[in-house]
Amino acid sequence: MKLKELIEGLNLFERERTPTEVRILGVAIYIQTSSTRRTARILSEFYPISHTAIWKWIKKIEERLPISTEKKKRNLIAIDETVVKANKKRYYVYSAVDVERNELILMKVYTTRNWLVTKSFIKEMLKYCDNKPKFVIDKAPWLKRALDSLNLEFEHEKFREEESG
């Protein structure tokens with residue numbers, strides 16, 4: 001499942017004043033900076049938002065998809081990357097979710113997407129694992145190449161329904 005659909009599927013937000021893409025970007029920036037004020041300052045470059053709103057997003061997400069901050073044995077991790085467009089720029093938000101525990105392990109924002117960035121994300125995410133887990137990915141070549149280069153096991157899952165016709 002794509003990150004945007006996952007966030008929307010959790011039915012976290014009652015009102016849609018802020019686009020989902022901005023919320024995803026905000027949560028990822030918060031996870032990287034650990035500061036609601038700094039996140040609000042960064043997001044305010046292209047979308048006016050308060051640090052209180054960001055704090056509320058984080059609390060709602062943690063209710064349904066806890067953010068894991070400890071190292072533990074993990075068996076199956078889903079990795080996905082979502083393109084978020086803001087202020088006429090593209091940002092790539094990578095996320096890793098422990099499928100069995102339904103925990104968000106890591107979320108990071110990058111300004112580019114390639115196998116080197118993906119490999120860096122996976123290496124950082126592995127710091128939260130006691131073992132070498134199996135990964136579930138879509139067929140993105142940068143994900144496959146990064147996992148291959150790290151000698152990690154993975155399987156493909158079709159995240160998006162393709163339209164026939």
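This short presentation walks through the fold, a helix pair, the salt bridges and a few individual residues of one protein model.

Good morning, colleagues. Please keep in mind throughout that the model is predicted.

I begin with the overall architecture. The protein contains six helices and five strands. Taken in sequence order, these elements give the pattern α-α-α-α-β-β-β-α-β-α-β. The chain has 165 residues, and buried residues account for 45% of them. As for contacts between residues at least 6 apart in sequence, 52% of these connect residues at least 24 apart. The exposed surface comes to about 9600 Å², of which carbon and sulfur atoms provide 45%.

Let me turn to a pair of helices. Two packed helices are described by the angle between their axes and the distance between the axes. Here the pair is H2, residues 20–33, and H4; their axes come within 10 Å and cross at roughly 85°. The two helices are therefore roughly perpendicular to each other, since that term covers angles from 65 to 115 degrees. On the H2 side, the contact is made by Val22, Arg23, Gly26, Val27 and Tyr30. On the H4 side, Ile54, Trp57, Ile58 and Ile61 take part. By character, the residues of this contact comprise seven nonpolar, one polar and one charged.

Next, the electrostatic pairs. How many salt bridges does the structure hold? The count is nine. I shall discuss three of them, beginning with arginine 74 and glutamate 103, whose side chains meet at 3.3 Å, N to O. This pair links distant parts of the chain, with the two positions 29 residues apart in sequence numbering. Arginine 74 sits in the loop between helix H4 (51–64) and strand S1 (76–86), whereas glutamate 103 belongs to strand S3, residues 103–110. Are these two partners buried or exposed? Arginine 74 is buried, because its relative accessibility is 0% and the threshold for burial is under 20%. Glutamate 103, at 13%, counts as buried as well.

The second pair is arginine 101 with aspartate 98, joined in a salt bridge of 3.0 Å, N to O. Arginine 101 is partly exposed, having a relative accessible area of 37%, while aspartate 98 is buried at 0%. Both of the pairs I have described belong to a network of salt bridges, which links Glu70, Lys72, Arg74, Asp98, Arg101 and Glu103.

The third pair consists of lysine 108 and glutamate 124, with a separation of 3.1 Å, N to O. Lysine 108 lies in strand S3 and glutamate 124 in helix H5, so this salt bridge ties together parts that are 16 residues apart in sequence. Lysine 108 is buried, with a relative accessible area of 16%; glutamate 124 is partly exposed, at 25% relative accessibility.

I now come to two residues within the secondary structure. Threonine 118 is part of helix H5, which spans residues 115–125. At 0% relative accessibility, threonine 118 is buried. Which residues does threonine 118 contact, leaving aside its neighbours within four places in sequence? They are Tyr94, Trp142, Leu143 and Ala146.

Tyrosine 91 is located in strand S2 and is likewise classed as buried, at 16% relative accessibility. Apart from residues up to four places away in sequence, tyrosine 91 touches Leu25, Phe46, Thr82, Val83, Val84, Ala86, Val109, Tyr110 and Thr111. Tyrosine 91 and arginine 113 are 22 residues apart in sequence, and their C-alpha atoms are 8.7 Å apart in space.

My last topic is backbone geometry. Most residues other than glycine have a negative phi, and most peptide bonds are trans. Against that background, I draw attention to two asparagines. Asparagine 102 has a positive phi, near 55°. Asparagine 102 is in the loop between strand S2 (89–98) and S3, and is partly exposed, with a relative accessible area of 35%. Asparagine 151 also has a positive phi, near 60°. The loop that holds asparagine 151 runs between helix H6 (141–149) and strand S5 (154–156). Asparagine 151 counts as exposed, because its relative accessibility is 67%, and the cut-off for that class is over 50%.

Thank you for your attention.

Conventions: Residues are numbered from 1 along each chain as its sequence is written. This is a predicted model: local features need pLDDT of at least 70, side-chain atom pairs count only at pLDDT 80 or more; totals for chains, interfaces and linings use all residues. Side-chain values use heavy atoms; hydrogens and water are left out. Helices (H or I, at least four residues) and strands (E, at least two) are DSSP runs, numbered from the N terminus. Buried means under 20% relative accessible area, exposed over 50%, partly exposed in between (1.4 Å probe, protein chains only). Contact means heavy atoms within 4.5 Å. A salt bridge is a side-chain nitrogen of Lys or Arg within 4 Å of a carboxyl oxygen of Asp or Glu. Accessible areas come from the Shrake-Rupley method with a 1.4 Å probe; for residues, only the protein chains shown count as cover. Axes are lines fitted to C-alpha atoms, for helices over the stretch in contact, and angles run from 0 to 180 degrees between N-to-C directions. Angles under 35 degrees count as roughly parallel, over 145 as roughly antiparallel, 65 to 115 as roughly perpendicular and the rest as oblique. Ala, Val, Leu, Ile, Met, Phe, Trp, Tyr, Cys and Pro count as nonpolar, Asp, Glu, Lys and Arg as charged, and the others, Gly among them, as polar.
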